[in-house]
Every structure is written in structure tokens, then in C-alpha cells.
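I opened a fresh notebook page for this one. Here is what I looked up, entry by entry.

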Amino acid sequence: LLWASCFPKHKSTQRPRNWLLPQACTFKVAVLGAGGGIGQPLGLLIKMSPLISAIHLYDIANVKGIAADLSHCNTPSEVLDFTGPSELPSCLRGIDVVIIPAGVPRKPGMTRDDLFNINANIVKELVETVADNCPHAFILIISNPVNSTVPIAAEVLKQKGVYNPKKLFGVTTLDVVRANTFVARKKNLKLINVDVPVIGGHAGITILPLLSKTRPSVTFTDEEVQELTVRIQNAGTEVVEAKAGAGSATLSMAYAAARFVESSLRALDGDGDVFECSFVQSELTDLPFFASRVKLGRNGVEAFVGSDLQGLTEYEVKALEALKPELKASIEKGVAFVEKQR
Ligand code: NAI
């Protein structure tokens, strides 16, 4: 299966599925910001999932044609389009997984935090409607700055009385995808086998790849650790600069998001062996939100892989301490944004 082979880390692919079997298609997924650079290829990738019965595409404009186009692919899920806030509630009713890539992307010279003013409002308004219409769904936040937009979503859900910390996820999968790719290339490893946990947050130095925990076990020189860590942290900027004003990562992000959606659906489907890194409410450190490997189950986060944070190298320990103030400030900025508007 093309779809299954795209996401090699899922042991459940040992139990092959036939994507044409109608009973396999169970879940409804909504993409908010579906007309954008990430939203469009993400829609295409999840259209290939054997687990999805319906894809709801929402945007403030131009989503009708995208849905018509996608609906002609002969995979089982039906595709429906929803335009503008008046159609958002019907987009969200009955949805199992909501993915939010709505908002503006970076241009050269911008940090993710520079997007705060626009994207904070967008995420807040969308999550308010999510809370009213599908409060039990998995909520996957892609919109940057993830370090702030996830706390914003949490505060909105709390205000609505429906916050379930186990089901709110900041999508940091692209950092893992990049780390796996760069490490495999550097060390001449078979890409499909490489897995590097990435912890912390999703911006600059808050992105901390734990190279010492790379599987399969591999040794790095100090120079390699420094070079790979910096490259993984700046990989988003690498793409922003190469696109020279035309946006940020969209295709690799769509791939990474599709992997996280696939993992979410497998977890919802009862697969007991699903692990992903994600920025979630956490008690692993003294920060209220933290990205780490988590075990996903039917009810969302089932367990934290705390062992990843044990036995770190001196370099990783220092980097972890160094990222905390910035991550803490970004989290607090998100919380304060929602509180200010009460
Ligand atoms: P884009 O500008 O191509 O697309 C954004 C889409 O959101 C547009 O179609 C726009 O109409 C829509 N939108 C704007 N306001 C909306 C609203 N209120 N409701 C619904 N839709 C709305 O941007 P792109 O490249 O798709 O990036 C989207 C976001 O993803 C950005 O914030 C970007 O920084 C972030 N991103 C996150 C990554 C991660 O690893 N988490 C990686 C790459 C990008």
C-alpha cells in the first residue's frame, strides 16, 4: 500500500489493510485552512488514508474548487467544502480529528513569533467553534507560533469548559521528519529505520533533537552534534529563504501532518503501538507545555516517554536548560493573549 509505506514507523502496518474495504473507513477529519499551501497537499495526502470516511475542507475562500478536484480521486472518503465562519459549525459537527493550518506563514527575516498578532486571533476564533461543535475531537495545531497557539487553544477550551489536555496537540512532526532525514544522510543510514526524538518546542533553540537517543544507535562527534542540531533548528528558515517571500514549508509540512493524522487515526482505531513527538500539556519538566514522545491511544495522550529525558548528554542538558526561558515566555504570551480578551 502506498499510504502505509509512506509512514514507516507504524508497526501496525504489519497488519495490512485494504483501503478499499468499506469497514476500514471510519473517521471524519476536518482541515481548517484547507485552501493554503499546507492545506491543499495535506488534503491530498489524507485522501489516501484507508481510515477516513469524510474529509471536511474549510477556508475563508477558494475551497469549493479544491474540494471538487480532490473528490474525483477514487479513494473511499467523501470530500465536502465549507466556506466562511457561517459554515464552520456544520463543517465541525461529528468530526473526530481537526487539523488547523490556518494563518499566515513566515517571510524571509521573520521569526515564528512575528506571526503571533495575526495567527493568535485566527486560532482563538477557530478553536472557539471547535469547542462548541466537536469538543471531543483530537485537535492538531499547525499554525505558528505553535509554542503560543497551543496554549491559546488550551485557554479557549478551558473557558468553554471542554478542555481535555490529552486531545490537544501541537504538530512538531516536521522537526522529527527533518531530524530523521538529516541524520540518515549524514550517517549514511537507511532512512526508513532512523528515528530521532525531538523535544522542547517548535521555534529556533526550543527545538531540541535528542541525537543521543537516535535509533538505530549511532555515535556522533561533537562537531556533528552541533552542526545537525543547528540545521534541524533552522530548517524552517532554510525553506523560507529558498522560497524567497513565497511562504514557508508546505509540502514537507503536509507530509509530516499527514503522518500525525495517520497516527491519530490508528490510535483512535485501537492500535496499541502508536508513538509520536508532540507539543502537549506535560509534567515532564517545570513547563506547562512541552514537546516529547507520547503514546497515543483512543483517548489521546496515554503516556509520556519520560525515559527520553534521562541519560542526556552534557550538550543536550545544557540545550534543554537554555531553551526553557524562551519556551516559557512563548507559552505565557499565549495564555496572556486569551486572558486579556476576557
Ligand atoms: P498559507 O497562507 O498558504 O495558507 C493559510 C490558509 O489559511 C489560507 O488558505 C487562508 O485563506 C487560510 N486562513 C486564513 N485565515 C483563516 C481563518 N480565519 N479561517 C480559516 N482559514 C483561514 O499558509 P501555509 O503555508 O499553509 O501555512 C499555514 C500556517 O502553518 C502558518 O502559520 C505557518 O507558519 C504554519 N506552519 C507550521 C509548521 C509546523 O511545523 N507546525 C510548518 C510550516 C508552517
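**Domains.** Before using the record, I noted that UniProt positions are given in the numbering used here, that feature names are shortened, and that annotations may be inferred rather than shown by experiment. I also kept in mind that this is a predicted model. With that settled, I found that UniProt, in an unreviewed entry, places the feature "domain: Lactate/malate dehydrogenase C-terminal" at residues 172-338. I looked at that span in the model: it is 47% helix and 17% strand, and its end C-alpha atoms lie 23 Å apart. The record, again as an unreviewed entry, puts "domain: Lactate/malate dehydrogenase N-terminal" at residues 28-170. For residues 28-170 I read 38% helix and 21% strand, with 20 Å between the end C-alpha atoms.

**The ligand.** Which residues are closest to the ligand? I found Gly33, Gly36, Gly37, Ala102 and Asn144 in that role, within a surrounding set of 32 residues. Sorted by class, this shell holds 17 nonpolar, 13 polar and two charged residues. I then asked which element gives the largest share of the shell. That is helix 5 (residues 116-133), with three residues.

**Backbone oddities.** Asn144 turned up again here, since a cis peptide bond joins Asn144 and Pro145, with omega about -5°. I located Pro145 in the loop between strand 5 (138-141) and helix 6 (146-159). Another cis bond runs from Arg215 to Pro216, and its omega is near 0°. Pro216 sits in the loop between strand 8 (207-209) and helix 8 (222-243). I also stopped at Asn62, which has a positive phi of about 60° although it is not a glycine. Asn62 belongs to the loop between strand 2 (52-59) and helix 3 (64-71).

**Helix 2 with helix 9.** For the helix pairs I wrote down two things, as packed helices are described by the angle between their axes and the distance between the axes. Helix 2 (residues 39-47) packs on helix 9 (residues 251-268) at about 40°, with 8 Å between the axes. Why do I call helix 2 and helix 9 oblique? An angle that is neither roughly parallel, roughly antiparallel nor roughly perpendicular counts as oblique, and therefore this pair is oblique. Their crossing is right-handed. Helix 2 brings Pro41, Leu42, Leu45 and Ile46 to the contact, and helix 9 brings Leu251, Ala254, Tyr255, Ala257, Ala258 and Val261. By class, I counted 10 nonpolar residues in this contact, no polar and no charged.

**Helix 7 with helix 9.** Helix 9 also packs with helix 7 (residues 173-186), at about 110° and with the axes 8 Å apart. The two are therefore roughly perpendicular to each other, and they cross in a right-handed way. On the helix 7 side I listed Thr173, Leu174 and Val177; they meet residues of helix 9 including Met253, Tyr255 and Phe260. This contact has seven nonpolar, two polar and one charged residues.

**Helix 6 with helix 10.** My last pair was helix 6 and helix 10 (residues 314-340), whose axes come within 7 Å and cross at roughly 40°. This crossing is right-handed. Among the contact residues are Pro151, Ile152 and Glu155 of helix 6 and Leu327, Ile331 and Lys333 of helix 10. The classes here are eight nonpolar, five polar and two charged.

Note on methods
Residues are numbered from 1 along each chain as its sequence is written. This is a predicted model: local features need pLDDT of at least 70, side-chain atom pairs count only at pLDDT 80 or more; totals for chains, interfaces and linings use all residues. Axes are lines fitted to C-alpha atoms, for helices over the stretch in contact, and angles run from 0 to 180 degrees between N-to-C directions. Helices (H or I, at least four residues) and strands (E, at least two) are DSSP runs, numbered from the N terminus. Angles under 35 degrees count as roughly parallel, over 145 as roughly antiparallel, 65 to 115 as roughly perpendicular and the rest as oblique. A crossing is left-handed if the near helix is turned anticlockwise from the far one by less than a right angle, and right-handed if clockwise. Two residues are in contact if their C-beta atoms, placed from the backbone, lie within 7 Å. Ala, Val, Leu, Ile, Met, Phe, Trp, Tyr, Cys and Pro count as nonpolar, Asp, Glu, Lys and Arg as charged, and the others, Gly among them, as polar. A residue is near a molecule or strand if its C-beta atom, placed from the backbone, lies within 6 Å of it.
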